[in-house]
Amino acid sequence: MTTLETKPTALPHRLALLARPVGRTGFAVLTGALLAMGLIALQGYAPMPTMLAGLRYALGDAVAVSRTLAWGLPLLVTALGVAFAFRAGMFNIGAEGQLYVGAMAAAIVGAYIGPLFAGLHLLLCLAAAALTGGAVAAGLGWLRAHWGVDEVLSTLLSNYLLVLLCTYLANGPLRDPTRQSGSTREVHDSAMFPVIVDQTQLTAGLYVVAALVLATWWLSERSIAGYRWRMTGSSPGFAAAMGIDIARARVTSMAVSGALCGLGGSLLVTCSQGRFWTEIGTGIGWDAVLLALVGRSRPIGVLAWAGVYCVLRASARGVEQVTGIPSELSSVLIAVIIVAAVARSGAIGLITDWARRWRAVREKQQ
Amino acid sequence: MNAIEAFLASGIRFTTPILLAGLGCLATRWTRDLNVGLEGVMLFGAFFGVVCGYRFESAAVAIVLTSALGAVAGLVFGILVATLRANAFVVGTALNVLAAGATVYLLRTWFGVKGSFGDERIPSLPAVRWGVIGDIPLIGPVLSGQSPLTYLSWLLVAGMAWAVRHTVIVRHLKAGGEHPEALRAAGGNVMRTRIIAQVWCFTLCALAGVQLSLGQLTLFTEGMTSGLGFVALAAVIFCRGNVLLLAVMSVAFGFSSALSVRLNTAVMAPQFAQMLPYAVALVGLIVLSRRSRTADTRILTPSQEN
């Protein structure tokens, strides 16, 4: 009954709800565009045509879109993983390390087991990656839940330990003797996702990622376990009083988060690289943390921001090809965009504050 | 100089950037705006140290200019965090990503090189020798022949330890973090205090970067801080606001870094040796958390709302 009555007003209300995040993102993207134009102009190129050329490279045709998308898939999964833990109040900033061990696990299973049936082998690779990443994160989550070891710092430090461990493995016991150094043996063909758009690296991994996005969203926002995790995140005391085992919620949410980060790493191997090498995912973990922070840990927010970042990054690649402006432009832009996004409400508050004071002063004078 | 003396001297050399960054970050810990962007500021400091050194061919100018640039950047960061109420964790993380990207970007646009930039025109920080002191066995090479920034860092330790007891400014910084209302009631300016802490932090981190690029090497390489800023951050978190404890932690991390460089590859694979400072920090964190019943170690609270 009530649903019938509220239905006519529901749509505008929903639109109004949507308007705020869209406005926020719009402001941030505008800031980024202005900065990009400024930086391009500084290098002596015409801003508008250059940016359009970059955008064409990112989104110009089907091949371009697939290329952009293919690059973004591992980042998206990793960012979702980070956001997942953030929602449960666990600041897992060890995405970089978990991504590396995931990539390493997938590369080991892909190269040393098999060849098997394509589907089974892939499944094993992904499962190995999820298990390793999840185990690492769950361990750190356990330390936080039971011993009170601050997970922000422990996950941060674990990054360096894990990346160095993988570097050791790739240079030492697992090194491919036919290659220079720092990479493992190539995985079997049955451990690679089939390409679905020719001339690009967009593979059937896309479907896996789509399923993962849906599953993560459901698990975090709609399931009972997700409710427990979110309550633990927003108010541990209340959650404990309601009978939720918060230690368990902390460990399990970290496990899921680490598993997603590990899966992100395995996608690097099984979708495009075909082997582990020491620079396989440099910086992706940190990008993922940024995306999770700015997407306010909501799966949809993270998805939107990951999309923005992918287009930005692909455009920067395109700009580099036509002008020689370094593609690191995208890192500069995303950092500034994110700072603009978080400083926006404060800036608006400050300006309205000034305006009010100024008006008050004028009224006094009159 | 025998092996032990060389090791001690290099230990102190490695301590310097950690200590400088830690001392800077300590002020932001007092105001509860812990700056997690140390890594990024150090990287920028290392880069601009090399740029200024290359441009003016003088180490002194490089030090002065880089610290001035650091102070200006700290002012911007402080305004973002204190006045515009942006979350310090988010802005700090963004700063790390920015530094990694921007230094590569500038390296390529200004010098047209990728990877690293070295040139004969880049000055290195001079080694300060103190005559006879350098000849004392064992501690001589530790006390003498270090870079000026090393001496500065230890002077700052003494100065800050003194300032904690005897100056108003440190009390304001601590009050600004612990009890802003009290500070306001006492006539202090909370915003200004928090901004000052960031300016101090950035200035010292920039110097830490200069020590890396001009003190230990005379070149800049991409990502040359390689986690040193995070090690300094760990030191700051462990020290619980105590200056002398911070110095002890920094020395511990500095010596484990020195050890990791000196360890023979026959003893240990280089990657395991490089893990040493991080492993020391992680084990230290676990031990510390086990021993304290308070939640004092948790001070990084990235908030979701802004």
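A disulfide is taken here as a pair of cysteine sulfur atoms within 2.5 Å. By that yardstick, this predicted model comes up empty: 0 disulfides turn up over all chains. Cys166(A) is a case in point, sitting in no disulfide, with the nearest cysteine sulfur, that of Cys261(A), 14 Å away. Cys166(A) is also tucked out of sight, being buried at a relative accessible area of 2%.

Chain B offers a similar story in Cys52(B). Why does the sulfur of Cys52(B) make no bond with the closest cysteine sulfur? That closest sulfur belongs to Cys205(B) and lies 17 Å off, which is too far for a bond, because a disulfide calls for sulfur atoms within 2.5 Å. Cys52(B), for its part, is buried, with 8% relative accessible area.

Turning to the backbone, a couple of residues have a positive phi without being glycines. In chain A, Ser297(A) is one of them, at about 65 degrees. Ser297(A) is found in the loop that runs between α11 (284–294) and α12 (299–323) of chain A. Is this loop serine buried or exposed? Ser297(A) is buried, and its relative accessible area comes to 2%.

In chain B, Arg85(B) also shows a positive phi, of about 55 degrees, and is not a glycine either. Its setting is again a loop, the one between α3 (59–83) and α4 (88–111) of chain B. Here the surroundings are open to solvent-probe contact in the sense that Arg85(B) counts as exposed, at 57% relative accessibility.

Technical notes. Residues numbered from 1 in each chain as written. Chains lettered and ligands numbered in written order. Predicted model: local features only at pLDDT ≥ 70, side-chain atom pairs only at ≥ 80, totals over all residues. Heavy atoms only, no water. Helix = DSSP H or I, 4+ residues; strand = E, 2+ residues; numbered from the N terminus. Buried < 20%, exposed > 50% of the residue type's maximum accessible area, 1.4 Å probe, protein only.
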